[in-house]
Amino acid sequence: MAELKDWKTSACAQKFIASFSGGKDSTLALYKAMMVGEAVGLIVMLEEEGKRSRSHGMPPELIHAQAKSIGLPVYAAAASWTDYEKVFIGLLEEAKNQGAEVLVTGDLDMPAHGCWHEKVTNYAGLKLGMPLWEMDHHEVVEEFIDLGFVTMIVTVNLSLRMREDDLGRTLTREYVKELEARGIDPCGEGGEFHTTVLDGPIFKHPIPVRQCEIYKDGEYAFLPLELD
C-alpha cells in the first residue's frame, strides 16, 4: 500500500500533465499539484467528432480559453469509447516526451486496486497523482470555494434530485448546504451534476461566457456555454 499512498503527493517536485475536464474537481487537483510541482500541460479528451469534450460536453474553444488563462498548453485528441484508452496513452506518451513525469487527475473515490489511471500511467511510464484522493467531499467543495474559484452548474441529472433551475447557479457555501439538504453529494460524485470553472487563483483572468438555451436529453438537462 505504500505506493498507493503516494497518489496524493506524487506531483511534489515533479513535472506533470493534468487530466482536465474544465470542471471543479480537475481544476482543484490541478491547483494543488501546481502548488508543489510543475505543470507541462492539460490532457483533454474529445468525442469522436471533436466538437465536445468527452467528460463534460464542453466546446473545445471554451477549454482552450481556460487553458490560456491558466497559461498551459492543451494535449487534445478525439476518440470513441472503443479506442479511448489507446488514444489517451498516446497523449500521455506525448506529454512524457515533453518532460512530464506524473499524470494528475481529480478523482476522489478511486479504488486502491484496479485503478484505470494507474494502468495507463504504468503503460506510458508515468507515475499517478491524485491530490483529492480519499478527501471528504464536503471539505473538497469548501476548499474549492474558499480558494476563490468560481464554477457554474452546466449539467444536471434530473433523476438524482437535481432540477432544471440548478443550471447556471454558482457553487457557494450556501448553495452547497442547499444541495446537501436535498440529499445531493456536494461534489456530484454520483453523477448528479457537472460544472464549468470560470475563474480562480490559477486563472490570469475570468472566462467570459454567455448562457445558451437549456436542452434536455432523457434524464439530463444541459446549459451550453459559449465564449462571450
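In the predicted model, the largest nonpolar core comprises 52 residues, of which Phe-16, Leu-30, Val-104, Phe-149 and Leu-171 touch the most other members. When neighbours within four places in sequence are set aside, the contacts of Phe-149 include Thr-27, Leu-28, Tyr-31 and Phe-144, together with Val-197, Asp-199, Gly-200, Pro-201, Ile-202 and Phe-203. Apart from the largest core lies another one, made up of 25 residues, with Ile-89, Leu-91, Leu-103 and Ala-124 among them. In soluble globular proteins, nonpolar side chains tend to be buried together.

Two helix pairs were examined for their packing. Helix H2, spanning residues 24-36, packs with helix H6, residues 137-146, at an angle of about 70 degrees, and the two axes lie 11 Å apart. Because angles of 65 to 115 degrees count as roughly perpendicular, H2 is described as roughly perpendicular to H6. The crossing in which H2 passes H6 is left-handed. On the side of H2, the residues that meet H6 are Lys-24, Asp-25, Leu-28 and Lys-32, and their counterparts in H6 are Val-140, Glu-143 and Phe-144. Sorted by class, this contact of H2 with H6 consists of 3 nonpolar and 4 charged residues, with no polar residue. Leu-28 of H2 and Phe-144 of H6, which both take part in this contact, are also among the residues in contact with Phe-149.

The second pair consists of helix H4 (residues 84-97) and helix H5 (residues 116-124), which pack at an angle of about 50 degrees with their axes 9 Å apart. The two helices are therefore oblique to each other, and H4 passes H5 in a right-handed crossing. From H4, the contact draws on Tyr-84, Glu-85, Phe-88, Ile-89, Leu-92, Glu-93 and Lys-96, while H5 contributes Trp-116, His-117, Lys-119, Val-120, Thr-121, Tyr-123 and Ala-124. By class, the residues of the contact between H4 and H5 divide into 8 nonpolar, 2 polar and 4 charged. Ile-89 of H4 and Ala-124 of H5, which belong to this contact, are also members of the core of 25 residues.

Helix H3 is mostly covered, since 8 of its 11 residues are buried. These buried positions are Pro-60, Leu-62, Ile-63, Ala-65, Gln-66, Ala-67, Ser-69 and Ile-70. They pack against H2 and against several strands, namely E2, E3 (74-78), E7 (193-199), E8 (209-211) and E11 (225-227). Following H3 is Gly-71, whose phi is positive, near 95 degrees.

The loop that joins strand E2 (38-46) to helix H3 (60-70) contains Ser-55. Ser-55 is partly exposed, because its relative accessible area is 41% and the partly exposed class lies between 20% and 50%. Although Ser-55 and Gly-23 are 32 residues apart in sequence, their C-alpha atoms are 9.3 Å apart in space. With residues up to four places away in sequence left out of the count, Ser-55 touches Ser-21 and His-194.

Positive phi values were also found at two residues that are not glycine. Most residues other than glycine have a negative phi. Glu-134, in the loop between strand E5 (127-129) and H6, has a positive phi of about 65 degrees, and at 58% relative accessibility Glu-134 counts as exposed. Arg-161, located in the loop between strand E6 (150-157) and helix H7 (173-181), has a positive phi of about 75 degrees, and with a relative accessibility of 55% Arg-161 likewise counts as exposed.

Key: Residues numbered from 1 in each chain as written. Predicted model: local features only at pLDDT ≥ 70, side-chain atom pairs only at ≥ 80, totals over all residues. Heavy atoms only, no water. Core = buried A, V, L, I, M, F, W, Y, C linked by side-chain atoms within 4.5 Å. Buried < 20%, exposed > 50% of the residue type's maximum accessible area, 1.4 Å probe, protein only. Contact = heavy atoms within 4.5 Å. Helix = DSSP H or I, 4+ residues; strand = E, 2+ residues; numbered from the N terminus. Axes fitted to C-alpha atoms, helices over the stretch in contact; angles between N-to-C directions. Parallel < 35°, antiparallel > 145°, perpendicular 65-115°, else oblique. Left-handed = near helix turned anticlockwise from the far one by under 90°. Nonpolar A, V, L, I, M, F, W, Y, C, P; charged D, E, K, R; others polar.
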